[in-house]
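User: Please walk me through this model in short questions and answers. I will ask for one value or name at a time.

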Amino acid sequence: TAKLPDYLIEKSWQNARTEGQAEKPWPWLDSTPIAKLEFPQQNRSLVIMQGAENDVLTFAPGWHEGTDMPGNDGISLVSGHRETHFGFLRNLEAGTLFTLQTLDGRNVEYYVDDLIITRHEEIHVPIKNRDDSILLLSTSYPSVNWQKGKDLKYVVVARKYEEGRPRVLSGNMYDKAKHTPM
């Protein structure tokens, strides 16, 4: 059975898609749905909410508003808690395909290009083409380190997949065998 917040967020997403206008899933949550991730191989479907504040991330992955809108050209950053919504990210592998659905109904296919363990402020992503659409999915790794400035992030770097265009992987994939599991 779905939890009430998950149900209300999904209902808000469905209403936004059919009505053409996003609304808050409940009155006190200062956020609206902006996109939806579909990971068919992992049997996961997640609504992305606007903003990445703690009150949003408690209930759903959140889009960092200072980055490009997911699904558009540029670099988008979405964060989620590793214990809940983004726990499955550790099981993704290079080349995994998934879909992002936008509010305007576009389905944008992405593939996992790289997996990075880094400090949050040190994420570096090479741009391969001027019209790259890059989606960064970020979560804590392996857990919060309470020393100030030592927080590590697990980042999935995904690039827009286009039919007929080869998936060229960055080759910076970390060796899972050498790292502590999340």
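**Salt bridges, strands and rings**

Analyst: In this predicted model, the side chains of Arg 159 and Asp 113 meet in a salt bridge with an N to O distance of 3.0 Å.

User: How many residues apart in sequence are the parts that Arg 159 and Asp 113 tie together?

Analyst: Arg 159 lies in strand β8 (residues 152-160). Asp 113 lies in strand β6 (residues 107-119). The pair therefore ties together parts with a sequence separation of 46 residues.

User: Is Asp 113 buried or exposed?

Analyst: Buried means under 20% relative accessible area. The relative accessible area of Asp 113 is 0%. Asp 113 therefore counts as buried.

User: Which residues are joined into one network by salt bridges that share partners?

Analyst: Seven salt bridges are counted in the model. One of them joins the side chains of Glu 10 and Lys 36 at 2.9 Å, N to O. Glu 10 sits in helix α1 and Lys 36 in strand β1, so this pair links parts 26 residues apart in sequence. The network built from shared partners consists of Glu 10, Lys 36 and Glu 38.

User: What is the relative accessible area of Lys 36?

Analyst: Its partner Glu 10 is partly exposed, at 26% relative accessibility. Lys 36 falls under the 20% cut-off for buried residues. Its value is 7%.

User: How many of the residues of β1 are buried?

Analyst: β1 is largely enclosed by the rest of the structure. That follows because the buried residues of this strand number six of the seven.

User: Which residue in β5 is the bridge partner of Glu 38?

Analyst: β1 is joined to strand β5 (residues 97-102) by four bridges. The two strands run antiparallel. Within β5, the residue paired with Glu 38 is Thr 99.

User: Which residue in the turn of the β1 and β2 hairpin has a positive phi?

Analyst: β1 and β2 pair in the antiparallel sense over six bridges. Phe 39 stands opposite Arg 44 in β2. Four residues separate the strands of the hairpin. The turn residue with a positive phi of about 55° is Asn 43.

User: Is Asn 43 buried or exposed?

Analyst: Asn 43 is found in the loop between β1 (33-39) and β2 (44-50). Its relative accessibility is 70%. Exposed means over 50%, so Asn 43 counts as exposed.

User: What is the geometry of the aromatic pair formed by Trp 26 and Phe 59?

Analyst: The whole structure holds seven aromatic pairs. In this one, the ring centres are 4.9 Å apart and the planes meet at 80°. Planes over 60 degrees apart count as edge-to-face. The pair is therefore edge-to-face.

User: How many residues apart in sequence are the parts tied together by Trp 28 and Phe 59?

Analyst: These rings have centres 5.9 Å apart and planes at 65°, so they are edge-to-face as well. Trp 28 lies in the loop between α1 and β1, Phe 59 in the loop between α2 and β3. The pair therefore bridges a sequence separation of 31 residues.

User: What share of the residues in the protein chain is buried?

Analyst: The chain comes to two helices and eight strands. Along the sequence they follow the pattern α-β-β-α-β-β-β-β-β-β. Of the 182 residues in the chain, the buried share is 43%.

Methods: Residues numbered from 1 in each chain as written. Heavy atoms only, no water. Buried < 20%, exposed > 50% of the residue type's maximum accessible area, 1.4 Å probe, protein only. Phe/Tyr/Trp six-rings, centres within 6.5 Å; stacked < 30°, edge-to-face > 60°. Pairing = 2+ DSSP bridges. Salt bridge = Lys/Arg side-chain N within 4 Å of Asp/Glu carboxyl O.
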